[in-house]
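Reader: I have a protein model open and would like to go through it with you. May I ask short questions as they come to me?

Author: Please do.

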Amino acid sequence: MQGSGAEMKRSFVWSPRVFKVMVLVLGMIVPISRAELPTKKYLNLAAIKTMVAGAEAEAQRRHVEVTLCIVDESGNLLFLQKADAAPINTIVWAQKKARHAAFYKSPSKDAAEALKKGNIEVLAYPDYFPNQGGLPIQVDGQTIGGIAASGAKSEIDEAIAQAGLDALFGKK
């Protein structure tokens, strides 16, 4: 056990036992550091403001006053705004349209079409709302929310919601 400090250091670093322990520890750490968490798209405040601005501009262009609603993919309310002259019931209707679009990953118009075809069972589906005006917000094939307008004719409500989506995705 006698000798210079350099000899002890050299023999310790290169001992087979220490080397095996180091390889074992590194083998456990490397796979953990390689794991990647999935990235998920979501609606942030900037995206919401962009959609609202586009939808408001379309409503003004058409001279209608509507309630606008944006929800996340689980139907949680992210934005709700009732125009001064929009009827009070549009607050609930806009939310129902947006939730339908998010939950069922399809326009609320599809629910209206299903009901018109005589499929009354759809009325029992949770948050299924057969009234045009709600659209899913989809990015890379993933539904991240829903947007809706309520207060004008149904086709105008949908056009207003579409203008919000167009603003978000840079269309028009």
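Reader: Where does Leu45 lie?

Author: Leu45 is part of helix 3. The model is a predicted one.

Reader: Is Leu45 buried or exposed?

Author: Leu45 counts as exposed, because its relative accessibility is 55% and the cut-off for exposed is over 50%.

Reader: How are Leu45 and Leu78 placed with respect to one another?

Author: They are 33 residues apart along the chain, and their C-alpha atoms are separated by 8.9 Å.

Reader: Let us turn to the interior. Which residues have the most contacts inside the largest nonpolar core?

Author: They are Leu43, Met51, Leu68, Ile70, Ile137, Ile147 and Ile160, in a core of 21 residues. Two or more residues each come from helix 3 (45–61), strand 1 (67–72), strand 3 (134–139), strand 4 (142–150) and helix 6 (154–169). Helix 3 gives the largest share of this core, with 6 residues.

Reader: What does Ile70 touch?

Author: Beyond its neighbours within four places in sequence, Ile70 is in contact with Leu43, Ile48, Met51, Val52, Asn76, Leu77, Leu78, Phe79, Ile137, Gly146 and Ile147. Another core lies apart from the largest one; it has 6 residues, among them Val71, Ala94, Ala102 and Ala148.

Reader: Where is Ala102, and is it buried or exposed?

Author: Ala102 lies in helix 4. Its relative accessibility is 1%, so Ala102 counts as buried.

Reader: And which residues are its contacts?

Author: Leaving out residues up to four places away in sequence, Ala102 touches Val71, Asp72, Glu73, Thr143, Gly145 and Gly146. Ala102 and Val71 are 31 residues apart in sequence, while their C-alpha atoms are 7.4 Å apart in space.

Reader: What comes between helix 4 and helix 5?

Author: A loop connects helix 4 (90–104) and helix 5 (108–116), and Ser106 is located there. Lys105 lies in that loop as well.

Reader: Which of the two is buried, and which is exposed?

Author: Ser106 counts as buried, because its relative accessibility is 15% and buried means under 20%. Lys105 is exposed, with a relative accessible area of 52%.

Reader: What does Ser106 contact?

Author: Apart from its neighbours within four places in sequence, Ser106 is in contact with His100, Ala101 and Pro136.

Reader: What is the phi of Lys105?

Author: Lys105 has a positive phi of about 55 degrees, although it is not a glycine. Most residues other than glycine have a negative phi.

Reader: Where else should I look for a positive phi?

Author: Asp140 has a positive phi of about 55 degrees, and it is not a glycine either. Asp140 lies in the loop between strand 3 and strand 4. Its relative accessibility is 72%, so Asp140 counts as exposed. There is also a glycine to inspect: just after helix 5, Gly118 takes a positive phi of about 95 degrees.

Reader: Back to helix 5, then. Which of its residues are buried?

Author: The buried residues of helix 5 are Ser108, Ala111, Ala112 and Ala114. Viewed down the helix axis, they fall within an arc of 160 degrees, so they line one face of helix 5.

Reader: Why would residues three or four places apart point the same way?

Author: An α-helix has 3.6 residues a turn, so residues at that spacing point the same way.

Reader: What do the buried residues of helix 5 pack against?

Author: They pack against helix 4 and strand 3.

Reader: A change of topic: what lines the largest pocket?

Author: The lining consists of Glu56, Ala59, Gln60, Val64, Glu65, Val66, Leu68, Gln81, Lys82 and Ala83. Helix 3 and strand 2 (77–82) each supply at least two residues of that lining. Helix 3 provides the largest share, 3 residues.

Reader: And what is the volume of the largest pocket?

Author: Its volume is about 160 Å³.

Reader: Finally, how many helices and strands does the protein have?

Author: There are 6 helices and 4 strands. Along the sequence they follow the pattern α-α-α-β-β-α-α-β-β-α.

Reader: What share of the residues is buried?

Author: Buried residues make up 36% of the 172 residues in the protein. The protein exposes about 11100 Å², of which carbon and sulfur atoms supply 59%.

Terms used: Residues numbered from 1 in each chain as written. Predicted model: local features only at pLDDT ≥ 70, side-chain atom pairs only at ≥ 80, totals over all residues. Heavy atoms only, no water. Buried < 20%, exposed > 50% of the residue type's maximum accessible area, 1.4 Å probe, protein only. Contact = heavy atoms within 4.5 Å. Core = buried A, V, L, I, M, F, W, Y, C linked by side-chain atoms within 4.5 Å. Areas by Shrake-Rupley, 256 points an atom, 1.4 Å probe, with all protein chains shown as cover. Arc of directions from axis to C-beta. 1 Å grid on protein atoms, 1.4 Å probe; cavity = no way out; pocket = protein on both sides within 12 Å on 5 of 7 lines; lining within 4 Å. Points joined across faces, edges and corners; volume = space filled by probe spheres on them.
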